[in-house]
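Student: Could you take me through one part of this model closely, the place where the two chains meet, and then place it in its wider setting? I would like the cut-offs along the way.

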Protein chains: 2
Amino acid sequence: MKKLITTLAILSLLSLPVSAETLKSPDGTITLEFGLTGDGQPEYSLDYAGKEVIKPSKLGFRLVKGGDLDKDFEVVSVDTASVDETWQTVWGEESQIRSHYNEMKVNLKQKSTKRLMTIDFRLFNDGLGFRYEFPMQKKLSYFDITDELTEFAMTGDHTAYWIPADYDTQEYDYTRSRLSEIRGLMPEAWTHHNKWQELASPTGVQTSLQLKTDDGLYINIHEAALVDFPCMHLELNDSTMTFKALLTPDAVGNKAHMQTDCVTPWRTIIVSDDARDILASRITLNLNEPCAIEDTSWIKPCKYVGVWWEMITGKSKWSYTNDLPNIHLDRVDYTKLKPHGRHGATTENVKRYIDFAAKHGFDAVLVEGWNIGWEDWSNNMKDEVFDFVTPYPDFDLPGLRDYANEKGVKLIMHHETSSSVRNYERRLDEAYKFMKDNGYDAVKSGYVGNIIPAGSNHFSQWTNNHYLYAVKKAADYKIMVNAHEAVRPTGLCRTWPNLIGNESARGTEYQAFGGSKPSHTTILPFTRLIGGPMDYTPGIFEMDITKVNPKKKSWCNTTLANQLSLYVTMSSPLQMAADLPENYERFLDAFQFIKDVDLDWDQSYYLEAEPMEYLTVARKTRGADRWFVGGTNGAEPREAVVDFGFLPKDAKFTATIYRDGKDAHYRDNPQSYVIETKTVTSKTRLKIPEAAGGGFAISILPK
Amino acid sequence: MKKLITTLAILSLLSLPVSAETLKSPDGTITLEFGLTGDGQPEYSLDYAGKEVIKPSKLGFRLVKGGDLDKDFEVVSVDTASVDETWQTVWGEESQIRSHYNEMKVNLKQKSTKRLMTIDFRLFNDGLGFRYEFPMQKKLSYFDITDELTEFAMTGDHTAYWIPADYDTQEYDYTRSRLSEIRGLMPEAWTHHNKWQELASPTGVQTSLQLKTDDGLYINIHEAALVDFPCMHLELNDSTMTFKALLTPDAVGNKAHMQTDCVTPWRTIIVSDDARDILASRITLNLNEPCAIEDTSWIKPCKYVGVWWEMITGKSKWSYTNDLPNIHLDRVDYTKLKPHGRHGATTENVKRYIDFAAKHGFDAVLVEGWNIGWEDWSNNMKDEVFDFVTPYPDFDLPGLRDYANEKGVKLIMHHETSSSVRNYERRLDEAYKFMKDNGYDAVKSGYVGNIIPAGSNHFSQWTNNHYLYAVKKAADYKIMVNAHEAVRPTGLCRTWPNLIGNESARGTEYQAFGGSKPSHTTILPFTRLIGGPMDYTPGIFEMDITKVNPKKKSWCNTTLANQLSLYVTMSSPLQMAADLPENYERFLDAFQFIKDVDLDWDQSYYLEAEPMEYLTVARKTRGADRWFVGGTNGAEPREAVVDFGFLPKDAKFTATIYRDGKDAHYRDNPQSYVIETKTVTSKTRLKIPEAAGGGFAISILPK
């Protein structure tokens with residue numbers, strides 16, 4: 001019997017496509033094969049220039065009832081199309097984006113049940129997007145997905161740049177390892193930095209996942225247009241090196257509740273033999289729906305400072321008093337409570353930031369901790385945690401509104417929800433109206449803590465639905481949203497460009513919570529930023545957090561020049577200068593770059609890139625002849641080569657270069673930097689040294 | 001060793017109060033004893049006129065963390081008070097209610113943890129209310145309750161009138177049995193009549209629970225002021241005949257999330273040796289907070305008809321079309337769909353009801369199925385199930401609004417939520433505004449189906465919070481609410497008198513779903529109505545549902561006279577005449593009683609009562625010299641004795657009596673009735689025969 005079993009096992013491992021369809025990218029470099037296995041399971045594979053990228057990988061779903069959508073399929077028809085269109089962005093790395101792909105829709109029928117399912121493949125020159133579509137049909141009207149079977153079968157034990165799959169947080173340091181090492185490294189990677197994190201699997205990782213093969217292929221797996229569906233993680237079978245979709249569950253363990261006609265998000269695979277192409281890919285945006293907002297004139301990039309880093313470092317506090325064990329919003333009277341004296345968002349302190357912003361040309365000031373409720377907001381599963389409209393008694397909202405207005409500075413609203421989703425939705429209209437009534441046109445929202453009601457996860461279908469609800473409603477009020485701790489972006493900012501920022505990864509704040517790896521910002525553009533811009537809050541000039549708050553032992557693991565580079569390499573229409581005004585006052589020459597740098601681009605040029613090592617990016621300002629270059633380096637010193645070929649030919653420009661000093665080092669000497677000016681042309685090639693954890697920034701401004 | 005174990009067991013069974021406190025009711029009839037057991041667990045017992053009602057019963061809680069609040073307590077202090085006050089009702093069985101009680105607050109401290117907990121006992125002449133109070137304290141700020149330990153230890157194997165404890169529905173027929181029989185009868189009692197019910201325990205029953213002892217005591221256990229807490233069920237230990245609180249869990253199995261200072265709902269025990277006193281008790285209302293609405297002039301009792309029974313019987317439908325497997329609210333175009341021709345809420349049909357209402361002096365017409373989405377509303381866990389503002393194309397809302405207005409008739413709005421709580425909350429402001437814009441001032445809301453998000457229950461803290469939210473927000477809009485399938489009432493209508501009705505029990509609709517027991521309405525006043533009025537929707541004149549819809553085999557198990565009686569015995573400020581206009585046209589003489597009967601009372605007189613057997617109630621109209629008497633009988637024929645002593649002395653009145661015919665029987669001859677007039681005085685005593693499932697109604701109107 002043993003022999004027979006072996007034979008059967010081999011048979012079942014072999015995929016025997018009974019029908020096969022082939023799709024090629026417009027330039028012919030990438031080839032997709034689709035087929036059905038012998039038992040009628042859909043399967044695809046992907047080649048790049050003759051190299052196998054994705055081995056035959058299964059497609060389908062397990063359902064709560066009605067039978068799985070995993071096999072017994074036949075191909076009813078195949079629809080193909082070629083699309084080449086260019087669309088205008090509202091903001092971003094390019095003013096125009098070309099969407100050029102060949103499409104193949106494979107219309108399937110499950111023979112025994114007559115249920116219909118379509119798989120839509122769109123093959124671009126830089127990769128593949130595919131999604132499942134379920135037409136409206138009597139035999140498949142409502143259904144619950146318990147598991148998505150989509151596989152991404154790797155061809156070997158690739159190098160992966162990964163963070164643990166987690167249903168509730170994305171704020172991890174990245175690990176670079178072989179796929180086979182993920183399981184062993186998981187305990188170390190899954191650091192316990194907050195109370196609500198929930199590990200999804202011992203071999204689970206988050207998307208966007210960056211991979212590199214031993215023969216030099218860069219592969220990136222993510223999703224696009226995550227709408228009304230749970231967020232996808234990837235679970236590795238480390239025997240076969242095959243990833244499988246791992247969807248975020250609801251409170252009872254199901255994944256997605258579907259109503260036909262409906263579609264899943266796109267599953268995306270960007271592939272190239274040049275790492276720079278990963279950064280240049282627009283697949284995620286191209287697979288999202290066009291802008292849904294007719295008048296976008298109110299959506300504006302924004303450079304800001306904020307009453308924030310002083311709380312993050314523990315120098316001041318969000319809260320106002322220590323008098324009470326907890327706060328009942330509906331009956332607290334703060335005027336009768338004794339202030340603890342360390343409240344950050346006081347009228348006086350905010351005025352200082354407004355003055356600083358006005359003096360240095362910033363658009364706005366974010367103020368956290370302005371509203372009542374911060375005494376007991378976190379980790380208490382408190383339903384009515386904030387009301388979003390009542391300031392602390394020492395925060396003179398009308399006065400500051402008028403003061404900021406006089407100075408030509410906007411105030412940015414802050415809505416920490418403490419993940420009390422219902423409370424926020426109940427108060428959202430009033431909160432947004434309050435914003436407009438007081439001149440706020442942007443809000444930073446936050447989702448710290450366990451989602452309420454208990455049992456729900458941050459990245460489940462129900463909660464994802466909430467994040468988008470808040471963004472859509474904000475659009476009704478012409479409000480821009482920067483959501484922290486919300487689900488990682490998947491290009492939805494194309495459709496809703498008022499979503500000007502997200503955190504959804506380990507931001508600069510962790511430099512005050514013990515520090516991030518020096519290489520952190522060399523991997524984020526390959527991973528987190530594939531889905532959309534990040535409110536990373538760069539600009540830390542004082543790396544020794546002890547100097548800000550003697551009780552806080554932490555170190556920002558970058559050089560000062562590296563911090564400058566992030567304004568270019570981490571493109572975002574929303575950029576903070578996160579450090580304290582007094583720290584900028586100490587380095588006004590370097591601060592000049594932050595004052596000068598633009599946030600919105602006509603075009604971007606990816607000059608050098610290697611995940612978790614370095615990247616060098618040049619960008620041309622949208623609608624102006626200004627260029628900025630950023631070079632962000634990882635842990636190893638290197639020499640960047642900047643080719644100024646992106647400049648117009650036959651003209652001379654003056655470049656101001658902000659770079660690491662000779663002896664700079666992220667740990668030992670981070671504030672060593674050099675500022676020099678050079679005349680450059682499109683033929684210039686400059687070699688610029690980058691320190692460990694270092695980098696550089698260049699501004700090329702009109703004279 | 002065996003002997004030793006026995007000794008220990010006896011020791012732990014014995015309660016050894018180390019301190020004891022006694023409280024007596026104002027009239028001295030009821031005595032409460034409070035004490036601590038040897039290990040410091042709070043304990044209480046209750047006597048009525050020397051008879052033990054509640055044997056020593058434990059009090060306390062189990063918590064998720066921080067240690068249980070179950071023992072190791074000491075009494076810090078005891079506060080006592082006597083209260084005798086009278087308050088005005090906005091509507092109800094009496095215009096004034098006296099609240100007369102002695103109060104004892106036992107302030108406890110857990111010795112090892114220093115945590116404070118108070119138990120507040122209020123002892124009325126008709127029973128006890130007690131609740132737990134948690135002062136704000138550093139050592140107990142936020143906590144999660146996993147179990148409430150409150151016991152109600154019975155003195156014997158009493159007769160109970162019960163329905164199964166269920167976390168999601170209350171719509172059961174009652175079972176009368178010995179306590180010891182509950183477990184065995186549970187499978188039969190827990191009928192599977194809907195898909196979302198969830199049995200709580202094999203010996204779990206719902207409150208309000210009516211009990212009767214062999215020596216003639218009537219005991220009723222319920223709760224009052226259920227605010228921000230899970231609904232309580234009772235779980236019987238059928239070895240010791242002790243009930244224990246069984247709270248409705250959240251999605252992760254916890255019960256209540258608490259933030260000090262806070263209180264639990266009141267646990268109530270009404271007791272008397274006369275069943276009529278149970279009906280007359282105002283403990284539930286008295287334990288609720290006073291009216292929170294300043295101007296209540298817009299809250300008005302309402303007698304109504306509705307486009308409803310025709311859907312319930314299947315004669316017509318809520319839905320409009322059969323064209324699609326499901327409906328996407330955001331993109332359906334009903335004008336392009338073929339009507340199935342059985343839609344009930346058509347303009348023409350609604351006009352017919354408006355005409356009928358105007359002709360017969362009804363205040364309002366309820367219309368269900370007027371708004372889009374009914375094709376797939378039920379059992380689909382559909383998030384965006386209704387929008388509450390878009391009428392079907394064959395429902396001319398502005399036209400009907402104006403038509404009803406001309407006729408002096410109100411339309412009652414209908415908001416079925418399909419338990420998609422978030423969808424309802426998101427749309428609530430718009431829906432209420434739409435109502436006011438179109439002249440609606442009352443809404444019937446519904447919570448059919450599983451609560452969304454999955455894992456939540458109908459009667460959990462989170463969902464209970466929603467029901468009250470909807471009522472409070474309605475008050476902001478001056479809207480009256482009649483919520484169906486919401487948590488059973490606990491007297492909150494005192495605080496929020498715009499909550500003019502609830503279903504929260506097995507209503508008349510079940511007479512079209514196979515029928516209810518003939519005794520059903522003889523137990524509801526002892527159970528469901530202890531918490532507040534019920535929108536029972538009486539007034540069925542055609543008992544053979546087949547005659548309404550030949551495809552529907554069901555029978556309304558009452559006589560026609562019984563149906564009339566319910567307008568008096570089931571007091572409610574909201575009363576429907578539920579049957580079809582054409583059925584009323586056939587019995588206009590009997591229908592006259594429904595036209596005449598009032599809904600709001602100065603005083604009520606409980607003339608006869610025995611749970612699940614019969615009750616006879618007289619009521620004086622609020623602000624008018626009009627009296628109505630109702631006699632509702634159970635399954636056994638009997639003779640009611642009506643003592644007109646409630647009438648003013650020395651005056652003659654004409655009473656119109658609507659009673660069962662001699663040969664009437666709920667199953668064989670339900671439409672046999674007699675109408676007769678008699679002159680009555682306060683000295684009149686009339687014997688009135690009541691058929692099986694029968695009853696009678698009397699109107700005493702000014703000449």
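Tutor: Happily; here is the meeting of the chains, followed by some notes on the rest.

This is a predicted model, in which local features need pLDDT of at least 70 and side-chain atom pairs count only at pLDDT 80 or more, while totals for chains, interfaces and linings use all residues. Residues are numbered from 1 along each chain as its sequence is written, chains are lettered from A and ligands numbered from 1 in the order in which they are written, and side-chain values use heavy atoms, with hydrogens and water left out.

Confidence comes first. The predictor gives the complex an ipTM of 0.94 and a pTM of 0.95. Chain A has a mean pLDDT of 95, with 96% of its residues at 70 or more; pLDDT is the predictor's confidence in each residue, from 0 to 100. Residues 1-16 of chain A stay under 50, and the model has 6 contacts for them beyond four places in sequence, a contact being heavy atoms within 4.5 Å. Where pLDDT is low, the predicted coordinates should not be read in detail.

Now the interface. In chain A, 34 residues are in contact with 34 residues of chain B. The two chains bury about 3,100 Å² between them, 50% of it on carbon and sulfur atoms; buried area is the accessible area (1.4 Å probe) that two parts lose on being put together, summed over both. A:R422, A:R426 and A:W462 supply 20% of the area that chain A buries against chain B, more than any other three residues. Between the chains there are 4 salt bridges, each a side-chain nitrogen of Lys or Arg within 4 Å of a carboxyl oxygen of Asp or Glu. B:R426 forms a salt bridge with A:E425, and their closest N and O atoms are 2.7 Å apart.

Within chain B, helix α8 (residues 421-437) packs with helix α9 (residues 461-476) at about 5°, their axes 11 Å apart. Helices (H or I, at least four residues) and strands (E, at least two) are DSSP runs, numbered from the N terminus. Axes are lines fitted to C-alpha atoms, for helices over the stretch in contact, and angles run from 0 to 180 degrees between N-to-C directions. α8(B) and α9(B) are therefore roughly parallel to each other, the term for angles under 35 degrees. Among the residues that meet are B:Y424 and B:L428 in α8(B), and B:W462 and B:H466 in α9(B).

Further along chain B, a cis peptide bond joins B:I452 and B:P453, with omega about 10°. B:P453 lies in the loop between β25 (442-446) and α9 of chain B.

Elsewhere, the whole structure has 86 salt bridges over all chains. A:E610 pairs with A:K212, the closest N and O atoms being 2.7 Å apart. A:E610 lies in strand β29 (residues 601-610) and A:K212 in strand β15 (residues 209-212) of chain A, so this pair ties together parts 398 residues apart in sequence.

Definitions and conventions. Parallel < 35°, antiparallel > 145°, perpendicular 65-115°, else oblique.
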